[in-house]
Amino acid sequence: MLENDKILENVKATMAIEGLFLQDKDISLINQFLNNEITAQEGVDIIKKDMISKINQSNV
């Protein structure tokens, strides 16, 4: 198993212990970071943008 695969499996396991499960978009974002396609800050910005969008939709 490749190092990035091990990291992703560890993240999945840790989340599952807390009763949380990754969606496909979460896995994609993690893989983009692990493959150096985005920075940590870009990942945070993507997550924040997604959360703000969901908040705005629920306030409509």
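Helix H2 (residues 24-34) has Ile27, Leu29 and Leu34 as its buried residues, buried being under 20% relative accessible area, exposed over 50% and partly exposed in between, with a 1.4 Å probe and protein chains only. They sit on the same side of H2 because they cover an arc of only 160° around the axis, taken from the directions from the helix axis to the C-beta atoms. These buried residues of H2 pack against H1 and helix H3 (40-58), contact meaning heavy atoms within 4.5 Å. Helices here are DSSP runs (H or I, at least four residues), numbered from the N terminus. Right after H2 comes Asn36, with a positive phi near 60°.

This is a predicted model, in which local features need pLDDT of at least 70 and side-chain atom pairs pLDDT 80 or more, while totals for chains, interfaces and linings use all residues. Residues are numbered from 1 along each chain as its sequence is written, and side-chain values use heavy atoms, leaving out hydrogens and water.

As for charged pairs, the structure holds three salt bridges, each a side-chain nitrogen of Lys or Arg within 4 Å of a carboxyl oxygen of Asp or Glu. Asp50 and Lys25 meet in one of them, at 3.1 Å from N to O. With Asp50 in helix H3 and Lys25 in helix H2, this pair ties together parts that are 25 residues apart in sequence. Asp50 also meets Lys54, at 3.4 Å, and that pair lies within H3, four residues apart. Lys25, Asp50 and Lys54 are thus linked in a network of salt bridges. Over in H1, Lys12 pairs with Glu9, their closest N and O atoms being 3.5 Å apart.

Conventions. Helix = DSSP H or I, 4+ residues; strand = E, 2+ residues; numbered from the N terminus.
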